Amino acid sequence: MQTPAAAHPLDPLSADEIRAVTALLAREHGVNDDWRYASIEMFEPTKAELAAFDTDGTPCERVAVAVLFDRTANRTYKARLSLTADAVTAFDHIPGVQANVTVDEWDEADRALRAHPDVIAALAARGITDMSLVFMDTWTYGAVLIPEEFAGRRIGWSDTWVRASDGANPYAGPVNGFHCVIDLNTMELLKIEDVFRVDRPQIMGEYVPRMLPKEIREASTRPERKPLEITQPEGPGFTLEGNKLTWQNWSLRVGFNYREGMTLHAITYNDNGNVRKIAHRLSFAEMMVPYRDHCEDHYRRTAFDIGEWGLGFMTTSLALGCDCLGEIRYLDAVLHDSKGEPYDIANAICIHEEDNAVLWKHVDHHAGAEVRRMRRLTVSFHVTVANYEYLTYWRFYEDGNIECEVRATGIMVVSHFPEGGSHPHGTLVDDRTYAPFHQHFIVARMDLDVDGENNTVYRSETQRVPTGPDNPYGLSLRQVNTPLRTEEEGKQDPHYPTQRSWKVVNDNVKTGLGVSPSYKLVASANVPAMFDPDSPILDRCRAIEHTLWVTPNDREERWPAGEFVNQGGGGMGLPAWTAQNRSIENTDVVLWYTFGIHHITRPEDWPIMPADTVSFWLKPFGFFDRNPSLDVAPTPARGSSCCSTGSSESDGAAAGSACCEGEK
C-alpha cells in the first residue's frame, strides 16, 4: 500500500501512513483484533539525511515505528517499517516489558469495573448505589509495587470517585480506602481492596457555574468584565506553510507525536542575511508526578504522564477566546486508537503573536524617548491527564530569546479523614478534606546546534575576587567558564552562591567580536528530588536527581526514564546511558533539563486550581555582536510615535514620559 510522500521529512505521519502501518503488520505478521497498538510514530531522519534533503532535495525514506502487544499472549513487540518500500524491516518481541497504557484501556477499565457485580455489591455496602455517578480512574503500577501474585500481568489499580449529582465534579467525591486491581489485557477484576472507610463530609467541590450553590453565586462582588479585544486588521505577522513557521527572523518546523505531544525542529535565526542554526529539536521527554504521601490511598500514586500515557494522546482541542486570544492559526494533529485507526485532534496546536510590554527603552535628557514594544511568537498545546491540565508554551522573541513556559491547572486529588484525624502529608482544603503534597518533574530534551552540530557545554559561575591590592574594596567579580568534557561532568545542579548557569558554545566559530557564539540556559523552577537515595520510586526516574544532564546525541536515546516505563524497573534511561561516561566535548550534544513544581497544596487551589506557572529561558550569549532587536520598528502611539518625541531639553523628557501612554 503506497502512501503519498510527505511535504517535508519531518512532517508527522498522516492518517494514510498510519493505515499503511496497520495494513502492513496485518499482512506480514497477522496482527488482528487480539492486539492493541500502543503507539505509531515517525522515525525521524538523521541530520545528515535532512541536510541532503535541504541541499539538493534528496528524498528521505519515510520510516515508522510501532509498539504493539498481543493481549492473549501478553507479549510486547516493536516494529520498524519502511513506508517508502512498503516493507516491515523489523518485528521484535521485547520480553519482560509493558507498553504505555492506551486511552481505550482506561475507558474500558472504567466500564468493566462499574459493571462488575462484586464492585457493585462492595460499593452498595458503602451506601453507593447509583453506578452512573461512579468513576473508576485507573492508574498504572510501578514495577516495585506490583504484588507477587500479579507478577507478569499487565495490570492497573483504580481510584474510585462518586459525583454528588449528575454533572458534578467526580474528584470532589473520593471513596477512600476502596481500590480495584484489574488485568488490562482481559479486563478481569483481580482484587478489591476495601481497607477502610471515612464518612463523607459536606464539602463544596464544584467549579462549573451551574453546579455552584446559590449562596456562592449570589455572594460574588466581582464586577462584570469589560471586553478586551486583540486584533490584527492586516493579519498575523507570521507565515505558516504546512508545518513550517516563519516569523520576524525566526524559522522552525512544528511536529507532533503520541508521546511528547508537540515537538519543535530546525530552529534558525536570520541574522542580517546569515541564517544561523540554534536548535535541531526541542521537546518534553518525561514528566514524573510523585505524590509524597505514603498512606493507603496514595502510596502507588506516581504518574509518568509521558512514558506511561503519552502527552500526544492527552492533547485537547483549543478554542478561540478560551485557550487562545488574538489572530490565531492552528495545526491539527493525527493520532490513532488502540486498533491503529487514525483520528484527528482539531486545533491541537495554537500559534499566535502576543504583545509583551516593553522590549527596550531609554529616555534621554536631550533627545527624548526611544521605546520599542515587545512582541513574541507563541506556539502552544494543552493536555488533560485525568484530573490535571498542563498548558505548554514555547515563545520566540525579537531579541533572540526562547522561553518555555508550563502552566499546571485542573483539579487536585483529595482525601477525607475522620473527625479528630490528622493530615501530615497534605493541606486542609475543605471540611475534613486534604490534598496531598506532590511534585511535578518535567524533563525537557533539547538538541541544540549553535551555529552547527559540534558544541561544548560550559558551566558558567560568578566568583567574588578576594580583597587585596588589586581589589582593595572587595568589589570585583569575575566569571569562570568551565567546559564539561564527559557525561559524568555533565551531571549538573544549581548553585545559588555562584549563580550557576550553563552555556552551549560553538568553539569552532568566532563572531565579529572574536568570541565563540553560545546560547545560555537560564535555569529556573528547579525542584529537588527529596527522596532517599535508595528509594525504589526514585530509581524509576533517576533523571530528577540532577537539574541538567548532558549526553552525546543518539537518536535512539529519547526517554530519560527508559523506553518502557509502564511497570518498568529502575536505573533505565539516563543513568544507563551516562554510565558509559562518553565524551561530550566539541560534539553533537543533547541537554536534559529537569524543572517543575513543588506543590505544597493550598486551600486556594480548591476546587479548581489557578494556573501555577513555571518557565526557563534559552538566551543568546555572544551569539550576536549587539542587540539584535535594534531594527524593530517603533509602534505608532496615539497621536505620535514611540521615538524621538522631544527636540529640546525642556520638552524632550516630558514628551518622552508620555510616549506610548495609550499602550502601557
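## The annotated tyrosine

Let's start with Y388: an unreviewed UniProt entry puts the feature "modified residue: 2',4',5'-topaquinone" at this position. Keep in mind that the model we're looking at is predicted.

Y388 belongs to strand β18, which covers residues 388-397. Is Y388 buried or exposed? With a relative accessibility of 3%, Y388 counts as buried, because that value is under the 20% cut-off. Leaving aside residues up to four places away in sequence, Y388 touches a set of residues that includes three histidines, H438, H440 and H599, as well as Y291 and T409. Also among the contacts of Y388 are V383, G410, M412 and M609.

## How the chain is divided

The domain assignment splits things into domain 1 (15-94), domain 2 (103-219) and domain 3, with domain 3 pieced together from 241-281 + 305-411 + 436-469 + 486-604 + 614-621.

## Where domains 2 and 3 meet

Take the C-alpha centres of domain 2 and domain 3 and you get a separation of 35 Å. The contact draws on 19 residues from domain 2 and 17 residues from domain 3. Together the two domains bury about 1300 Å², with 63% of that on carbon and sulfur atoms. On the domain 2 side, D104, T140 and Y171 supply 34% of the area buried against domain 3, more than any other three residues.

What about polar pairing? Between domain 2 and domain 3 there are 0 salt bridges, but 4 residue pairs are in polar contact across the interface. The elements giving two or more residues to the domain 2 side are α3 (103-115) and β5 (134-140). Of the elements on that side, β5 gives the most, with 4 residues.

Conventions:
Residues are numbered from 1 along each chain as its sequence is written. This is a predicted model: local features need pLDDT of at least 70, side-chain atom pairs count only at pLDDT 80 or more; totals for chains, interfaces and linings use all residues. Side-chain values use heavy atoms; hydrogens and water are left out. UniProt positions are given in the numbering used here, feature names are shortened, and annotations may be inferred rather than shown by experiment. Buried means under 20% relative accessible area, exposed over 50%, partly exposed in between (1.4 Å probe, protein chains only). Contact means heavy atoms within 4.5 Å. Domain bounds come from an automatic or database domain assignment. Buried area is the accessible area (1.4 Å probe) that two parts lose on being put together, summed over both. A salt bridge is a side-chain nitrogen of Lys or Arg within 4 Å of a carboxyl oxygen of Asp or Glu. A polar contact is a pair of N or O atoms within 3.5 Å; within protein, one must be able to donate a hydrogen and the other to accept it, and residues adjacent in sequence count only if both atoms are side-chain atoms.
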